[in-house]
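Visitor: Please show me the model, and let us examine the reasons behind the terms used to describe it.

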Amino acid sequence: METTIQHKLAAAIIAMLPAALSAQEHIEADIGADIVSGYIWRGQDLGNISIQPSASISYKGIWLSGWGTVGFDKDDTKEFDLTVGYSIKGFSASITDYWFDGGAGYFHYGARNTSHVFEAQIGYDFDFIAVNWYTNFAGNDGLNKKGERAYSSYFSLAAPFKLGGLDWCAEVGATPWATSFYNKSGSDDFGANGFEIANISLAATKTLDITESYSLPVSAKAIWNPATEGAYFVFGINF
C-alpha cells in the first residue's frame, strides 16, 4: 500500500496558509542561489561544481522553502527539497521532503518504490552554539545491520564566531547508530557502523562590496569526514 506521507505533508502546508493569507503585509519571501565548487552534505560527497537555487516564504515563525541542486557534470546528483517548519526564538522544528534523481520518478511514493526521503528536525540555537537533531522517518531510508529501516539520524553542534573581520562557524556532526544511509566509502560500502563522526568543518564568510548598492557574499569551508577519511575545501558564492 502506498504511503500517504506526501499527502499529509501537503495537507499540513495548506492548513497553515489561511492565517498567512489573511495578513499578506506580514509575509516575508526571498529567493537566491549559490554556486559551489563542490556539493558536500553532512560530510558526504554528492557532487562537483553545482548551482543551488532556493526560495522561501515565512509568516510569524511558519516557513516553507524549496531548495535544489544541479551539477555541471551529467553524473552529479540532481535534487529538489521541500521543507515546512516552525521557529520561535531559538527553537525550530521542521519536516523536509528530499527528492533525488536517478531512481523512481517524482510522483512515486511507494514504500519500496520511491526516491523521496522524509526527515524530521528539531533544534535550538543558544546564540553561542546551535544544536540540531535530524531523523529520517519515511521514504528511501537506509538500513541497519539487521536489514531493517534504520531511521537514519544525524546530529550537529555549530558554533559561530567572529575573527579577523570575518564571520566563522565551526561544526561537528555525527551519526548516532548504524545505517547504510551515511558514510559509505570504498573501505566500508555499508555505511555507518554505529556512532561515527561524519563532519568536522570550519567555514568563513565575507561580503564583497561590488558597488555602493550591491554586495556579494562569498564563503570558504574546510570539511573533514573521519568516518570515510574524506577531506574537502569548498568555495561558494551567494546571489
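Guide: This is a predicted model. In it, 47 residues line the largest pocket, and Asp34, Trp41, Trp67, Glu171 and Lys221 are those nearest its centre.

Visitor: What makes a residue part of the lining of the largest pocket?

Guide: A lining residue must have an atom within 4 Å of a point of the pocket. For the largest pocket 47 residues are listed as lining, Lys221 among them, so each of these has such an atom. The volume of this pocket is about 1,700 Å³.

Visitor: Which strand gives the most to this lining?

Guide: Strand β15, residues 215-225, does so with six residues.

Visitor: How do you know that β14 and β15 are paired?

Guide: Pairing requires at least two bridges between the strands. Strand β14 (residues 196-209) and β15 have 10 bridges in the antiparallel sense, and therefore they count as paired. Opposite Lys221 in β15 stands Ala203. Five residues separate the two strands in their hairpin.

Visitor: What makes β15 and β16 a pair as well?

Guide: The criterion of at least two bridges applies here too. β15 and strand β16 (residues 230-238) share eight bridges, antiparallel, so the criterion is met. Val218 faces Ile237 in β16 as its opposite residue. The hairpin of β15 and β16 has four residues between the strands, and Glu229 there takes a positive phi near 60 degrees.

Visitor: Which closed arrangement includes these strands, and how many strands does it have?

Guide: It is a closed barrel of 12 strands with antiparallel pairing, in the order β1-β4-β5-β6-β7-β10-β11-β12-β13-β14-β15-β16. On average, neighbouring strands of this sheet are turned by 20 degrees against each other, direction ignored. Within the barrel, β12 (residues 153-163) pairs with β13 (residues 166-175) in the antiparallel sense over nine bridges. Leu163 has Leu166 in β13 as its bridge partner.

Visitor: Why are Tyr39, Trp41 and Phe100 called part of a nonpolar core?

Guide: Such a core joins buried residues of listed nonpolar types through side-chain atoms within 4.5 Å, and buried means under 20% relative accessible area. Tyr39, Trp41, Tyr98, Phe100, Val117, Tyr134, Tyr154, Tyr182 and Ala198 form the largest core, nine residues in all, so each of them is buried. β2 (39-41) and β7 (91-100) each supply at least two residues of this core. Phe100 touches Thr77, Lys78, Glu79, Ser115 and Val117, leaving aside residues up to four places away in sequence. A second, separate core has five residues, including Trp99, Tyr106, Tyr109 and Ala138.

Terms used:
Residues numbered from 1 in each chain as written. Predicted model: local features only at pLDDT ≥ 70, side-chain atom pairs only at ≥ 80, totals over all residues. Heavy atoms only, no water. Axes fitted to C-alpha atoms, helices over the stretch in contact; angles between N-to-C directions. Buried < 20%, exposed > 50% of the residue type's maximum accessible area, 1.4 Å probe, protein only. Contact = heavy atoms within 4.5 Å. 1 Å grid on protein atoms, 1.4 Å probe; cavity = no way out; pocket = protein on both sides within 12 Å on 5 of 7 lines; lining within 4 Å. Points joined across faces, edges and corners; volume = space filled by probe spheres on them.
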